[in-house]
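Here's a quick walk through how the pieces of this protein pack together. Have the structure open as you read.

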Amino acid sequence: MAAPVKSPVDGAVPAMQKLTIGKALNLGLRAAMEADDKVIVLGEDVGKLGGVFRITDGLQKDFGEQRVLDTPLAESGIIGTAVGLAVRGFRPVCEIQFEGFIFPGFDQISSQLAKLHYRTQGKVKVPVVVRVPFGGGIGAVEHHSESPESLFAHIPGLKVVSCSNPADAYWMIQQAIDCDDPVLFFEPKRLYHNGQLKSEVDTTTPPGPLFASRVVRQGTDCTVVAYGPSVKVCLDAAEAAAEEGRSLEVIDLRTISPLDLAPVFESVRRTGRLVAVSEASSESSITSEIAARVQQECFYSLEAPVLRATGFDTPYPPSKLEEHFLPDLDRVLHTVDRAMGW
């Protein structure tokens with residue numbers, strides 16, 4: 001694990017800091033770059049601009065243009081370059097500016113990045129992190145608000161994770177960079193600078209392993225599982241449900257591939273009910289995989305079918321309609337009501 005960063009400018013980082021997700025990611029990248037000079041950041045506008053969301057702000061100034069590279073607008077080239085760098089012993093961190101821009105690089109990700117370790121019978125490691133700001137809620141135009149994570153979770157050879165809070169953002173990005181396998185790191189962009197989520201982060205001790213889900217709120221009546229931006233929605237829904245005397249247990253998946261469903265199984269065996277929540281469309285999705293697995297493993301414990309609150313099976317709508325597309329507190333609570341009333 002990378003050691004906490006000592007910035008060339010600011011000196012030692014305090015053990016506890018109150019951070020947003022965006023700032024936590026920035027400090028996590030700094031920590032990884034300080035700990036290992038083989039860590040290189042590359043992407044569109046990641047250098048002088050600091051990224052469109054300012055996640056890489058100040059990195060090029062502090063670490064130089066040889067380690068923080070502004071690239072052309074060519075996602076296939078960004079990923080392909082990262083593969084070559086990884087083969088030569090570097091640990092590249094690519095930024096895809098918006099999730100909808102990742103598809104020109106899909107061939108490099110699926111045909112090269114995911115398969116090189118297997119193709120070489122384990123002789124070649126490909127420690128590449130692809131950072132992907134994803135999800136809606138920012139009032140953007142087409143190709144800027146999508147949730148394509150299930151496409152990558154379906155590709156053997158890739159790890160897929162998503163953070164939902166500042167502590168996980170700070171530590172998970174470092175753990176992903178430390179991983180010798182390629183990692184797709186999905187970041188909830190509408191929460192980057194959300195002041196409500198600003199919280200104390202212990203920069204000395206990681207909260208747990210990278211590929212592990214976690215119960216973030218205990219409850220007894222119904223299990224609610226989510227990841228990325230939907231975790232905050234579910235926690236807010238649990239608060240609202242508590243005011244009506246209903247106890248929801250909320251689980252943050254954190255890791256999408258591999259799925260760590262053991263805590264979900266344990267929870268469902270106690271509550272008897274499960275609601276899976278995601279901004280992605282429901283068809284052939286992470287939530288459908290969760291539903292299938294839970295019904296396989298917990299069939300005799302279920303008091304109701306596994307239900308889902310997701311985005312619709314349509315292209316992401318214009319920004320004026322996105323509040324109707326995204327699963328919000330009311331839709332989550334309505335789905336819980338259906339589960340409880342079965």
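In this predicted model, helix α8 (residues 230–243) and helix α12 (residues 329–340) cross at roughly 60°, and their axes come within 9 Å. Angles of 65 to 115 degrees would count as roughly perpendicular and those under 35 as roughly parallel, so α8 ends up oblique to α12. The crossing of α8 past α12 is right-handed. If you want to click on the residues that touch, pick V233, D236, A237, A240 and A241 on α8, then L329, V332 and L333 on α12. Sorted by class, that contact of α8 with α12 has seven nonpolar residues, no polar ones and one charged.

Now look at another pair, helix α9 (residues 262–271) and helix α10 (residues 286–297), which pack at about 60° with axes 10 Å apart. That angle makes α9 and α10 oblique to each other, and α9 passes α10 in a right-handed crossing. On the α9 side the contact uses V264, F265, V268 and R269, while α10 brings R293, V294 and E297. Here the tally is four nonpolar, no polar and three charged residues.

What about helix α3 (residues 75–87) and helix α4 (residues 106–113)? Their axes are 8 Å apart and the packing angle is about 25°. Angles under 35 degrees count as roughly parallel, so α3 and α4 get that label. The residues that meet are S76, I79, G80 and V83 from α3 and Q108, I109 and L113 from α4. Their contact splits into four nonpolar, three polar and no charged residues.

Here are the three pairs together:

| Helix pair | Angle | Axis separation | Contact classes |
|---|---|---|---|
| α8 and α12 | roughly 60° | within 9 Å | seven nonpolar, no polar, one charged |
| α9 and α10 | about 60° | 10 Å | four nonpolar, no polar, three charged |
| α3 and α4 | about 25° | 8 Å | four nonpolar, three polar, no charged |

Zooming out, the domain assignment splits the chain into domain 1 (16–202) and domain 2 (214–341). The C-alpha centres of domain 1 and domain 2 sit 26 Å apart, and the contact draws 29 residues from domain 1 and 23 residues from domain 2. How much area is buried between domain 1 and domain 2? It's about 1900 Å², with carbon and sulfur atoms giving 54% of that. Which three residues supply the most of the area that domain 1 buries against domain 2? They are E149, S164 and R190, which account for 22% of it, more than any other three residues.

Finally, a couple of backbone details. Most residues other than glycine have a negative phi, and most peptide bonds are trans. Against that background, S257 and P258 are joined by a cis peptide bond, with omega of about 5°. You'll find P258 in the loop between β14 (255–257) and α9, and α9 is the helix that packs against α10. Then there's R54, which isn't a glycine but has a positive phi of about 65°. R54 sits in the loop between β4 (39–43) and α2 (59–63).

Technical notes: Residues numbered from 1 in each chain as written. Predicted model: local features only at pLDDT ≥ 70, side-chain atom pairs only at ≥ 80, totals over all residues. Heavy atoms only, no water. Axes fitted to C-alpha atoms, helices over the stretch in contact; angles between N-to-C directions. Helix = DSSP H or I, 4+ residues; strand = E, 2+ residues; numbered from the N terminus. Parallel < 35°, antiparallel > 145°, perpendicular 65-115°, else oblique. Left-handed = near helix turned anticlockwise from the far one by under 90°. Contact = heavy atoms within 4.5 Å. Nonpolar A, V, L, I, M, F, W, Y, C, P; charged D, E, K, R; others polar. Domains from an automatic or database assignment. Buried area = accessible area lost by both parts, 1.4 Å probe.
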